[in-house]
Amino acid sequence: MNPIVIWGIGGHAREVAQLVADIEARQPGTWALQGFVVDDQATTRNPSPLPGPVLGGMDWWLAHPDVWGVVAVGNPAIRRQITQRLQRANPQLRFATLVHPLAWVAPSAQVGQGSVVFAQACISTQVKVGQHASINLACTLSHDTVLGDCVSLGPGVRLCGGVQIGDDCELGATATVIPNVVIAPRVTVGAGAVVTRPLPEGVTAVGVPAKAK
């Protein structure tokens, strides 16, 4: 059984904790959740209960290099900052890749370290998912789609074949990207938007069809 910690104590962190519990329920002996790690101890006032103790901050994780971990922060830019800090402090830290037992990942697909894939997600043939990505409930990634690092997909996002999503992008719930569209890094796509054309770096796009604001 592999010990694992979760960075964060917000809603996304609690969802990842449930993901860990679901994996362990279906595949006993896989993970043992040790607790949560967070820099700002003031955030422990979060009223929502956590299924484990708050162990400490970055120093705790660095003092336990044998423990696996995952950075469960929804915002892609903040997730990147945290993972980079951890990797600079200790390049040997181990980041877990978590795939829900009710998700489907094609044998030819690749999911990078530190990424999480929630229930009912479908990752099809020859898809490549970068590191520290979050693939939320019921997302579909069709053939040959490529996701960069630290991408966040909200529930029900649909990426058609050949789509390319750059680093640090965030796509809101049920957003759709039609085949072969390229989205540059650090783009935000609003919930329910339909992306029919390439989007340049750093824009926010909303609507049907999606237009940069």
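This is a working chat about a predicted model, covering its cores, aromatic pairs, cysteines, cavity and backbone outliers.

User: Let's start with the nonpolar core. How many residues does the largest one have?

Analyst: It has 33 residues. Those with the most contacts inside it are Ile135, Leu141, Leu153, Leu159, Leu171 and Ile183.

User: Take Leu171. What is it in contact with, leaving aside neighbours within four places in sequence?

Analyst: Leu171 is in contact with Ser152, Leu153, Gly154, Val157, Leu159, Ile165, Val177 and Val189. Leu153 and Leu159 are also among the core residues with the most contacts.

User: Which residues are in the other core?

Analyst: That core lies apart from the largest one and has 18 residues. Among them are Ile6, Ile23, Trp31 and Val38.

User: Why would such groups form at all?

Analyst: In soluble globular proteins, nonpolar side chains tend to be buried together.

User: Back to Trp31. Buried or exposed?

Analyst: Trp31 is buried, at 10% relative accessibility.

User: Now aromatics. How many pairs are there?

Analyst: The count is three aromatic pairs. One of them joins Trp31 and Trp68. That pair is edge-to-face, with 6.0 Å centre to centre and 75 degrees between the planes.

User: Where do Trp31 and Trp68 sit in the chain?

Analyst: Trp31 is in strand E2 (residues 31–37), and Trp68 is in strand E4 (residues 68–71). They are 37 residues apart, so the pair links distant parts of the chain. Trp68 is partly exposed at 23% relative accessibility, whereas Trp31 is buried.

User: And Trp61 with Phe95, what is the geometry?

Analyst: Edge-to-face again for Trp61 and Phe95, at 5.7 Å centre to centre and 65 degrees between the planes. Trp61 lies in helix H2 (residues 58–62) and Phe95 in strand E5, so the pair ties together parts 34 residues apart in sequence. Trp61 and Phe95 are both buried.

User: Which aromatic cluster are they in?

Analyst: Trp61 and Phe95 form one aromatic cluster with Trp7.

User: Cysteines next. How many disulfides?

Analyst: Zero disulfides. Cys150 is in none, and the nearest cysteine sulfur, that of Cys169, is 11 Å away. The cut-off is 2.5 Å between sulfur atoms, so that pair does not count. Cys150 is buried, with 2% relative accessibility.

User: What about Cys160?

Analyst: Cys160 is in no disulfide either. The nearest cysteine sulfur belongs to Cys139, 13 Å away. Cys160 is partly exposed at 25% relative accessibility.

User: Switching to voids. How many cavities of 30 Å³ or more?

Analyst: A search of the whole structure finds one. The largest cavity has a volume of about 40 Å³.

User: What lines the largest cavity?

Analyst: The lining is His12, Val70, Val71, Ala72, Arg79, Gly114, Val116, His132, Ala133 and Ser134. Val71 and His132 are also in contact with Thr83, once its neighbours within four places in sequence are left aside.

User: Where is Thr83, and is it buried or exposed?

Analyst: Thr83 is in helix H3. It is buried, at 3% relative accessibility. Its C-alpha is 21 Å from that of Val146, which is 63 residues away in sequence.

User: What comes between helix H3 and strand E5?

Analyst: A loop, and Asn90 is in it, between helix H3 (76–89) and strand E5 (94–95). Asn90 is buried, with a relative accessible area of 17%. Leaving aside neighbours within four places in sequence, Asn90 is in contact with Leu62 and Pro65.

User: Last topic, backbone. Which peptide bond is cis, from Val208?

Analyst: The bond from Val208 to Pro209 is cis, with omega near -5 degrees. Pro209 lies in the loop between strand E23 (204–206) and strand E24 (211–212).

User: Which phi values should I look at?

Analyst: Gln126 has phi near 65 degrees, and Arg186 has phi near 60 degrees. Both values are positive, in residues other than glycine. Most residues other than glycine have a negative phi, and most peptide bonds are trans.

User: Where are those two?

Analyst: Both are in loops. Gln126 is between strand E10 (122–123) and strand E11 (128–129). Arg186 is between strand E20 (182–183) and strand E21 (188–189). Gln126 is partly exposed, with a relative accessible area of 42%. Arg186 is partly exposed too, at 44% relative accessibility.

Methods
Residues are numbered from 1 along each chain as its sequence is written. This is a predicted model: local features need pLDDT of at least 70, side-chain atom pairs count only at pLDDT 80 or more; totals for chains, interfaces and linings use all residues. Side-chain values use heavy atoms; hydrogens and water are left out. A nonpolar core is a set of buried Ala, Val, Leu, Ile, Met, Phe, Trp, Tyr and Cys residues joined through side-chain atoms within 4.5 Å. Buried means under 20% relative accessible area, exposed over 50%, partly exposed in between (1.4 Å probe, protein chains only). Contact means heavy atoms within 4.5 Å. Helices (H or I, at least four residues) and strands (E, at least two) are DSSP runs, numbered from the N terminus. Rings of Phe, Tyr and Trp (its six-membered ring) pair if their centres lie within 6.5 Å; planes under 30 degrees apart count as stacked, over 60 as edge-to-face and the rest as tilted. On a 1 Å grid over the protein atoms alone, a cavity is a set of points where a 1.4 Å probe fits but cannot get out, and a pocket is an open set with protein on both sides within 12 Å along at least five of seven lines; lining residues have an atom within 4 Å of a point. Grid points are joined across faces, edges and corners, and a volume is the space filled by probe spheres set on the points.
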